[in-house]
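Biologist: Please take one helix and look at it closely. Then show me how the rest of the chain is built around what you find.

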Amino acid sequence: LRGRRRQQQQRQQQRKSRQPIHFAVNGDPPPASTSDTTRDITDTTTTASTTTTTTTLADRVRPDFDILHRTVSDQPLIYLDSGATSQKPRQVVEAVDDYYQRYNSNVHRGAHTLSREATAGYEAARDKAAQWMGARSRDEVIFTSGATEAINLIVQTYGRQNLRATDEVVLTVAEHHANLVPWQILAQEIGFTLRFVRVDPETGELDLEHFASLLNDRTRMVGFQHVSNVLGFINPVETMVQLIRDTAPHAKIVLDACQSIPHMRVNVQELGVDFVAASGHKMCAPTGIGLLWGKLDLLNSMPPYQGGGEMIDQVTLQGSTWLPSPARFEAGTPPIAQAVGLGAAMDYMESIGGIDAIEAYEHGLGEYLYEQLSAVPGISVLGPKTNRAPLAAFTHESVHPSDLSSFLDMEGVAVRAGHHCCQPLHTELGISHSVRASLSFYNTRAEIDAFIGHLKETLQFFDNLEQGGDKDDDTTNSDEDDFVPFV
């Protein structure tokens, strides 16, 4: 089918003399071409007499992302998979390269210049992260390999130390596996009960009445996403926290902020939770770096997650004592280069206007994506109609998500198909998989338009196959033999 689709594309190219689409932005002129049919895709405002270009946040930042100017399958890349990982601006790549080229050394372990410089870069990233999250103290910020390790750290330290067989832990059916599987593993060992908040089928959001009904004196931990990585809803964290404090005063609250921290302001003190887990690679930082924030008194009451160098106070043959947070939870050589890259990523996001400007731009972009997808016949967009993050998971009434993703890739469109590490949620929704398009501040409305166009073409291709033909909309008199689809 992929080969057949490629042949169809080539015929369309020949008939329309279509040149590769170039996503033009300010300071990034289209490549030289001898054809007048080259199409520039940018955000424009059209009046009765003139067409003017509107400069957006994406227009300003796209020159910093070299990868956005490559082609895939001879088509311009349209990257709509930032919910899985964001692209990295040149400034972040250069910061990591500068660390390795100029001051690569281990941290906290040497008095020489390189070690002091590496330590300064590493700890500066902690200061930036503390400010980014609104932490009360830099000692509340722990670097991990990612959000998955951050949640496992909470489960295996605070959870193991405090949970008993008679206790209950409340999660939601919408949780990423990283905030589900670790709890299941510990529950099998200790015997506590896991309870799950439903999704309201009418609203596409969490059922808060059901949530309130699950809270009681036995509830000792509550974990939930700030933003659903599938349904796109934004949980009312403050409201949920108040319900927990009123009904289950002994419970500690774990917030998965992977899909919120890159896109909106997250102030841990204002939210009122006890722990926050986030990943760096979704906010323009390198892979291999994550964040765990926790209230300092809780962190210092928890046992170490791993033993080794860096995290000890005194070691004797008879036993050891531990340093306070954050060193207690950062055993061994930490992700130094990744932390430097994370600091550079936060600097970069501040330099382009800060998180408020990013949130405002992405909000409009996300609304536009939802509107355009919802208008495609046969497409069902998952989640609520409003109060959404800049992502949209969807299904089609007859075409499998994996087929859609694979064929869109042939058009240069990068979307993700699967269960998105949320198998229980998909089961709850009565589906096995979905396609997800997720945005960042470097995306444009023009890219969404192109994506929707390619999606419609792909759906038309499969519709033609079902009808036993392979005719394009504008080629009713094709000289080629009719295509009989294989099974």
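Modeller: A residue is called buried when its relative accessible area is under 20%, exposed when over 50%, and partly exposed in between. In this predicted model, buried residues make up 53% of the 487 residues in the chain. The secondary structure comes to 15 helices and 21 strands. I will take helix α6, residues 181-190.

Which residues of α6 are buried? They are Pro182, Trp183, Leu186 and Ala187. Together they cover an arc of only 130° around the axis, so they sit on the same side of α6. The spacing makes sense, because an α-helix has 3.6 residues a turn and residues three or four places apart point the same way. On the other side of α6, Gln188 and Glu189 are exposed.

What covers the buried residues of α6? The cover includes a helix, α5 (147-162), and the strands β7 (168-172), β8 (193-197), β11 (219-225) and β12 (252-256).

Now the two ends. After α6 comes Gly191, whose phi is positive, near 105°. Before α6, in the loop that runs from β7, lies Asn179. Is Asn179 buried or exposed? Its relative accessibility is 0%, so Asn179 counts as buried. Setting aside residues up to four places away in sequence, Asn179 touches Ile151, Leu171, Gly223 and Phe224. The C-alpha atoms of Asn179 and Ala277 are 9.7 Å apart, with these positions 98 residues apart along the chain.

Next, the cores. The largest nonpolar core has 116 residues. Leu373, Phe394, Phe441, Phe451 and Leu455 have the most contacts inside this core. Helix α11 (residues 336-351) supplies its largest share, ten residues. Leu455 shows the packing: beyond its sequence neighbours up to four places away, it touches Leu373, Val376, Ile379, Phe394, Leu404 and Leu408. Apart from this core lies another, of 28 residues, and here we meet α6 again: Leu186 is among its members, as are Val155, Phe192 and Cys258.

Long-range contacts run through the whole chain. Among contacts with a separation of 6 or more, 69% join residues 24 or more positions apart. Gln87 gives an example. It lies in the loop between β5 (78-79) and α3 (90-102). With a relative accessible area of 11%, Gln87 is buried. Leaving aside neighbours within four places, it contacts Phe65, Ile67, Leu68, Tyr79, Cys284 and Tyr442.

Cys284 brings us to the cysteines. At 2% relative accessibility, Cys284 counts as buried. Cys422 is buried as well, with a relative accessible area of 0%. How far is the sulfur of Cys422 from the closest cysteine sulfur? The distance is 7.0 Å, to Cys421, which is too far for a bond. The count of disulfides in the model is zero, with the cut-off at 2.5 Å between sulfur atoms.

Cys284 also lines a cavity. The structure holds three cavities of 30 Å³ or more. The second largest contains about 40 Å³ of space. Its lining consists of Ser82, Ser86, Pro262, His263, Lys282, Met283, Cys284, Met349, Ser440 and Phe441. Phe441 was named above for its contacts in the largest core.

Another long-range pair involves loops. His108 lies in the loop between α3 and α4 (113-133). Glu310 lies in the loop between α10 (296-301) and β15 (312-316). These two are 202 residues apart along the chain, yet their C-alpha atoms are separated by 7.9 Å. Outside its sequence neighbours within four places, His108 contacts Ser115, Thr119, Tyr122, Glu123 and Glu310. His108 is partly exposed, at 39% relative accessible area. Glu310 counts as buried, at 18%.

Last, some backbone details. Glu310 has a positive phi of about 80°, although it is not a glycine. Asp74, also not a glycine, has a positive phi of about 65°. Asp74 lies in the loop between β3 (71-72) and β4 (75-76). At 64% relative accessibility, it counts as exposed. Finally, a cis peptide bond joins Ser325 and Pro326, with omega about 5°. Pro326 is in the loop between β16 (319-322) and α11.

Conventions
Residues are numbered from 1 along each chain as its sequence is written. This is a predicted model: local features need pLDDT of at least 70, side-chain atom pairs count only at pLDDT 80 or more; totals for chains, interfaces and linings use all residues. Side-chain values use heavy atoms; hydrogens and water are left out. A nonpolar core is a set of buried Ala, Val, Leu, Ile, Met, Phe, Trp, Tyr and Cys residues joined through side-chain atoms within 4.5 Å. Buried means under 20% relative accessible area, exposed over 50%, partly exposed in between (1.4 Å probe, protein chains only). Helices (H or I, at least four residues) and strands (E, at least two) are DSSP runs, numbered from the N terminus. Contact means heavy atoms within 4.5 Å. The arc is that of the directions from the helix axis to the C-beta atoms. On a 1 Å grid over the protein atoms alone, a cavity is a set of points where a 1.4 Å probe fits but cannot get out, and a pocket is an open set with protein on both sides within 12 Å along at least five of seven lines; lining residues have an atom within 4 Å of a point. Grid points are joined across faces, edges and corners, and a volume is the space filled by probe spheres set on the points.
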